[in-house]
Amino acid sequence: MEDRSASVLEFRLPDLGEGLTDAELVSWAVAVGDTVELNQTIADVETAKAVVSLPSPFAGRVVELLARPGDTVAVGAPLIRVQPAAEDDVQPAAGAEDDQPSRNSVLVGYGPEEEAAPRRQRPTATRSPSDAQPGGAEIEPHEPRPPAPALGATRPAATPAARRLARELGIDLWFVAGSGPGGAVTVDDVRGAVPVSPPRPAVPAAAPAVTDPGVVRPAAREERTPISGIRKRTAAAMLHSARTIPQAATFVTVDATASMELLDHLRGTKPFAGLTLTPLPLVAKAALAALADFPGMNVCWDEAAQEIVTKHYVNLGIAVATDRGLLVPNIKEAQTLSLRDLTREIGWLAETARAGSATPADLRGGTFTLTNVGVFGVDAGVPLVNPGEAAILCLGAIGKRPWVVRDEIAVRWVTTLGVSFDHRMIDGELAARFLATTAGFLEDPLTLLSRV
């Protein structure tokens, strides 16, 4: 063992983002005996923020995998050992040292930022599977299936989202023809496949059973789901929020008729062509304008320094419900964006989060969060404040209701806004004034547009 360790390079889990101390190994992209190249993807890991593909920091032959899919791996713990093809030519990257683990090593693109990074250019179009280069062998429906791969064989190429969906549907990726680049299996390929169940050995019955077509067997009375991945980390964050943040909330009911009429008009204009314009971007714009008037809502608590930190920029978090749990990607420097840009960014972030493609950079550094429970037909909610922030704005359902207008009953578009806040930093008066100002912008959106 001592002789081998002198020539074998060890890759340890790097720091994947602020505050993250571990990650769950989702799957390996390599097996023992495989030859890997520099920056080749070797594994997918899931953090509280996102699923991340780990690139190899050196080239060589895999000699040992040090974790199993489903294992929780601490930052700095060893993941894989590789025998370099030409040891003198190999320069290990951060996180690949074969000495003691260092928590200061970071994976390129996911480590701490010394200054705000420029906003990424969002793609204007996405490629469909039919546009990709074909690859892989097509399996005819009535052909005998090939035998299962031997233990340690390299797994079939597939996107992380496709792997997750295949696990949920019980589909074996070895029997799915990929239509993505290089024959990689995509989500659409998985959806079009038939679940494959391995043959099970016959188990003799304890006693002969009588089949009665009129008898309906009861379903299982309980079902247990392991707490892991996003759900595990969301639970920890919310428990921390409830235990450490003294939270309060306040609400206001808003006549949003003028805002709904404005949105209906803007949908037919050229700047918003091709965009899905919902009330959420307008509410976001109203909240951003109100935060400019009340910067005390955009703060955080520094426990170590015993200071309140006021932030003169807004990284606006947008709560997104996904199949994997709740994610909150944020729009960097949202206060600088127009209504059109906010619409585009919110749509892009929601799509990226639901596809499992949000990066740690998309999900960290939020300063204020907006959540929309109205899409579920709910009038109001009291969401918990995200740790590291001081407030969260909740938008309820927008619907037609009777409303008093100039002493007469009229049918108007009405909604409820609520704000939960950290009472250590924010008093009820400040929260109420912020909420009333936000509501005022929605009641008279022309005053909001005049501030753009």
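E24 counts as buried in this predicted model, with a relative accessibility of 12%. Its place is in strand 2, which covers residues 22-28. Leaving aside residues up to four places away in sequence, E24 touches D44, V45, E46, G70, D71, T72, S228, G229 and R233.

Two of those neighbours make a good next stop. S228 and D71 are 157 residues apart in sequence, yet their C-alpha atoms are 9.8 Å apart in space. S228 lies in the loop between helix 3 (187-191) and helix 4 (229-244). Unlike the buried E24, S228 counts as partly exposed, because its relative accessibility is 31%.

**The chain as a whole**

Let us step back for a wider view. The chain has 452 residues, and 42% of them count as buried. Its secondary structure comes to 10 helices and 19 strands. Among contacts with a separation of 6 or more, 66% are between residues 24 or more positions apart. The chain exposes about 25,200 Å², and carbon and sulfur atoms supply 54% of that area.

**The nonpolar cores**

In soluble globular proteins, nonpolar side chains tend to be buried together. Here, the largest nonpolar core has 57 residues, and L316, L393, V419 and F434 are those with the most contacts inside it. Several helices give two or more residues to this core: helix 5 (257-266), helix 6 (279-293), helix 7 (339-354) and helix 9 (428-443). The strands that do so are strand 12 (316-318), strand 16 (368-372), strand 17 (391-395) and strand 19 (408-422). Helix 6 gives the most, with 10 residues.

To get a feel for this core, have a look around V419. Not counting residues up to four places away in sequence, V419 touches A248, A249, T250, M297, A391, I392, L393, A431, F434 and L435. There is also a second, separate core of 22 residues, and L16, A23, V36 and L54 are among them.

**A nonpolar patch on the surface**

Nonpolar residues can be found on the outside too. V375, F376 and V378 form a nonpolar patch on the surface, with about 310 Å² of accessible area together. V375 is found in the loop between strand 16 and strand 17. With a relative accessible area of 57%, V375 is exposed, because exposed means over 50%.

**Salt bridges**

Side chains of opposite charge can pair when their charged atoms come close. In this model the count comes to 10 salt bridges. Three of them are set out here, with the distance between the closest N and O atoms.

| Salt bridge | N to O distance |
|---|---|
| R81 and E10 | 2.7 Å |
| D341 and R340 | 3.8 Å |
| D379 and R401 | 3.4 Å |

What does the pair of R81 and E10 tie together? R81 lies in strand 8 (residues 78-83) and E10 in strand 1 (residues 9-12), so the pair ties together parts that are 71 residues apart in sequence. R81 is partly exposed, with a relative accessible area of 22%, whereas E10 is buried at 8%.

The pair of D379 and R401 also links two parts of the chain. D379 lies in the loop between strand 16 and strand 17 and R401 in strand 18 (residues 399-405), so this salt bridge ties together parts that are 22 residues apart in sequence. D379 is partly exposed, with a relative accessible area of 44%. R401 counts as partly exposed as well, at 27% relative accessibility. Some salt bridges share partners, and in this way E10, R12, E64 and R81 are joined into one network.

Turning to D341 and R340, R340 counts as partly exposed at 36% relative accessibility.

**Cysteines**

A disulfide is a covalent bond between the sulfur atoms of two cysteines. How many disulfides are counted in this model? The count comes to zero. Two cysteines can still be placed by how covered they are. C300 counts as buried, because its relative accessibility is 12%. C394 counts as buried at 2% relative accessibility.

Definitions and conventions
Residues are numbered from 1 along each chain as its sequence is written. This is a predicted model: local features need pLDDT of at least 70, side-chain atom pairs count only at pLDDT 80 or more; totals for chains, interfaces and linings use all residues. Side-chain values use heavy atoms; hydrogens and water are left out. A nonpolar core is a set of buried Ala, Val, Leu, Ile, Met, Phe, Trp, Tyr and Cys residues joined through side-chain atoms within 4.5 Å. Buried means under 20% relative accessible area, exposed over 50%, partly exposed in between (1.4 Å probe, protein chains only). Helices (H or I, at least four residues) and strands (E, at least two) are DSSP runs, numbered from the N terminus. Contact means heavy atoms within 4.5 Å. Patches are made of residues with over 30% relative accessible area and no salt bridge: like charges are joined within 9 Å, nonpolar side chains (Val, Leu, Ile, Met, Phe, Trp, Tyr) within 5 Å. Accessible areas come from the Shrake-Rupley method with a 1.4 Å probe; for residues, only the protein chains shown count as cover. A salt bridge is a side-chain nitrogen of Lys or Arg within 4 Å of a carboxyl oxygen of Asp or Glu. A disulfide is a pair of cysteine sulfur atoms within 2.5 Å.
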